[in-house]
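Subject: Handing over the model

Hi,

Here is the structure I said I'd pass on. Have a look at it first, and then read my notes underneath.

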Amino acid sequence: QYHQQSTLLNQGRSTPTENKQRKQKNSKMAPNNERKPSVRYQIVSIDHECNTEPMPSVHHDPLSHPCFTLLRQFYDELMVSAFPLEDERDDLEDWFQCFRMQMNLRQMQKKADEQTMDLVVMILDEEDDEAAVDAFEHSKNGRRRYLSQSSMFGGLYTPTSSSDETSTKQSTPEKPIIIGGAAVEYYQESRVGLLSYVVLHSDFRGRGLAKYLHEEALSRLEILANTYGTPLPSTPLVQAVFAETNTAAAGDVTPEQSLLRHKSLYNLGYRLVNFPYAQPPLSTEDVNASFDDLVLLVYFPFTSDSLPLSNEEQQSTVDDDTTTVQTMKRFCSWYKSQSKDNNNRDTVQMDVSIPFDYVEDFYNSVFGYENGNNFEEGVVERIPDYHTAKYYQLAHWF
């Protein structure tokens with residue numbers, strides 16, 4: 001279920017700066033209060049770029065691969081500044097490990113038995129107008145601009161810098177200007193996606209870029225599902241797209257900032273799920289270390305005035321190519337019917353097993369899947385049984 005207006009907006013959402021020293025995987029987005037001039041950009045998929053060249057040896061520095069160079073730059077320039085507390089953001093080495101695993105799966109042409117991820121990075125186009133570039137340079141105290149040519153379809157191309165020094169001296173690659181990025185994860189057991197991060201550089205907010213970044217992230221989520229997921233005859237590869245976000249009670253930002261950020265997520269199409277949600281622990285040290293001050297959202301970009309046809313009615317519109325119907329088929333196949341709740345608010349119905357299966361998949365991703373592929377023999381015995389966790393039992397009861 002989702003509450004269309006007051007409930008979602010009043011919960012607040014987060015770009016953590018002070019949050020109980022707790023690492024979380026919340027969808028983050030800066031509010032757009034003022035419309036600014038548009039900019040030209042290019043978008044790079046890390047998962048795609050990591051598979052355009054041979055996989056580096058495990059003994060080599062990850063930065064030896066171009067995709068990891070861009071990944072580290074994004075992490076250092078945007079992730080660290082947006083989420084300054086180390087315990088509140090994903091570890092960069094975990095990202096390296098995930099992309100290495102996916103590179104290996106592609107080379108062996110195998111499907112994944114655990115969650116996969118992609119990061120789409122928006123880069124300033126070198127043909128961008130000089131006014132936008134000048135504004136960026138000015139904000140960076142006059143530092144020269146660095147640009148690269150990037151493409152999702154042919155690998156990451158980094159030009160060498162021009163130099164007035166002797167031609168015998170080797171040129172060094174120039175760094176691109178990163179506008180923002182969005183991270184998505186695909187959980188193949190529960191067949192759902194998660195929008196885990198949306199980050200924009202402060203100099204490029206207010207231009208409507210988050211919309212295009214989000215659209216690209218959803219497209220890359222579909223590619224993750226088709227590449228690493230296992231098709232089933234009766235279940236779509238992507239049943240739903242979830243997002244997590246802090247409530248105002250988390251205290252990481254002011255209530256006003258929480259409201260603005262939740263409005264941004266609402267404008268992207270995310271609605272509150274009426275499910276008792278807490279984030280499962282991110283390590284195996286404490287099976288009950290869940291985080292409670294957040295809510296679960298689902299991608300459903302419709303309002304009470306534009307609710308789509310029910311699941312049964314859609315059967316007669318198989319060939320309908322409208323945007324609404326295509327969005328339903330791609331990301332909202334869970335939608336069954338609409339109704340009113342006890343407060344006369346519009347709600348739509350979702351099979352409760354979908355969010356629960358995602359919760360269980362999340363637990364498995366931390367504590368290990370039943371086949372034990374993530375752990376060496378003997379290590380599994382020291383990992384607690386997540387079925388005993390208080391939050392898991394609550395979700396299972398619900």
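Below is what I found in it, going from the whole chain to single residues.

Before you start, this is a predicted model, where local features need pLDDT of at least 70, side-chain atom pairs count only at pLDDT 80 or more, and totals for chains, interfaces and linings use all residues. Residues are numbered from 1 along each chain as its sequence is written, and side-chain values use heavy atoms, with hydrogens and water left out.

**The chain as a whole**

The protein chain has eleven helices and eleven strands. Those elements are DSSP runs numbered from the N terminus: H or I with at least four residues for helices, E with at least two for strands. Of the 398 residues in the chain, 51% are buried. For burial, the relative accessible area decides: under 20% is buried, over 50% is exposed, and anything in between is partly exposed (1.4 Å probe, protein chains only). Contacts, meaning heavy atoms within 4.5 Å, are also worth a look. Taking those in the chain with a separation of 6 or more, 76% are between residues 24 or more positions apart.

**Two helix pairs**

Start with helix 3 (residues 66-82) and helix 4 (residues 92-108), which pack at an angle of about 155 degrees with their axes 11 Å apart. That angle makes helix 3 roughly antiparallel to helix 4. Axes here are lines fitted to C-alpha atoms, for helices over the stretch in contact, and angles run from 0 to 180 degrees between N-to-C directions. Under 35 degrees counts as roughly parallel, over 145 as roughly antiparallel, 65 to 115 as roughly perpendicular, and the rest as oblique.

The crossing of helix 3 and helix 4 is right-handed. A crossing gets that label if the near helix is turned clockwise from the far one by less than a right angle, and is left-handed if anticlockwise. On the helix 3 side you'll see Phe68, Leu71, Arg72, Phe74, Tyr75 and Met79, which meet Leu92, Trp95, Phe96, Phe99, Arg100 and Met103 of helix 4. By type, the residues of this contact are ten nonpolar, no polar and two charged. (Ala, Val, Leu, Ile, Met, Phe, Trp, Tyr, Cys and Pro count as nonpolar, Asp, Glu, Lys and Arg as charged, and the others, Gly among them, as polar.)

The other pair is helix 10 (residues 353-367) with helix 11 (residues 390-397), packed at about 160 degrees with axes 10 Å apart. Helix 10 and helix 11 are therefore roughly antiparallel too, but helix 10 passes helix 11 in a left-handed crossing. Phe356, Val359, Glu360 and Tyr363 of helix 10 make the contact with Tyr391, Tyr392, Ala395 and His396 of helix 11. Here the split is six nonpolar, one polar and one charged.

**Salt bridges**

How many salt bridges does a search of the whole structure find? It finds seven, where a salt bridge is a side-chain nitrogen of Lys or Arg within 4 Å of a carboxyl oxygen of Asp or Glu.

- Glu222 and Arg330 meet at 2.6 Å, N to O. Glu222 lies in helix 6 (residues 209-228) and Arg330 in helix 9 (residues 323-331), so this pair ties together parts that are 108 residues apart in sequence. Arg330 is partly exposed, at 31%.
- Asp346 pairs with Lys340, their closest N and O atoms being 2.7 Å apart. Lys340 is partly exposed, at 48%.
- Arg100 pairs with Glu93, with 3.3 Å between the closest N and O atoms. Arg100 is partly exposed at 23%, and so is Glu93 at 40%.
- Asp47, Arg106, Asp118 and Arg220 are linked in a network of salt bridges.

Arg220 from that network is in helix 6 and is buried, at 4% relative accessibility. Its C-alpha atom is 7.8 Å from that of Val120, and the two residues are 100 apart along the chain.

**Two backbone oddities**

Gln109 has a positive phi of about 55 degrees although it is not a glycine. You'll find Gln109 in the loop between helix 4 and strand 2 (116-124), and it is exposed, at 75%. Arg191 is not a glycine either, yet has a positive phi of about 60 degrees. Arg191 lies in the loop between strand 5 (178-187) and strand 6 (192-200), and it is buried, at 5%.

Cheers
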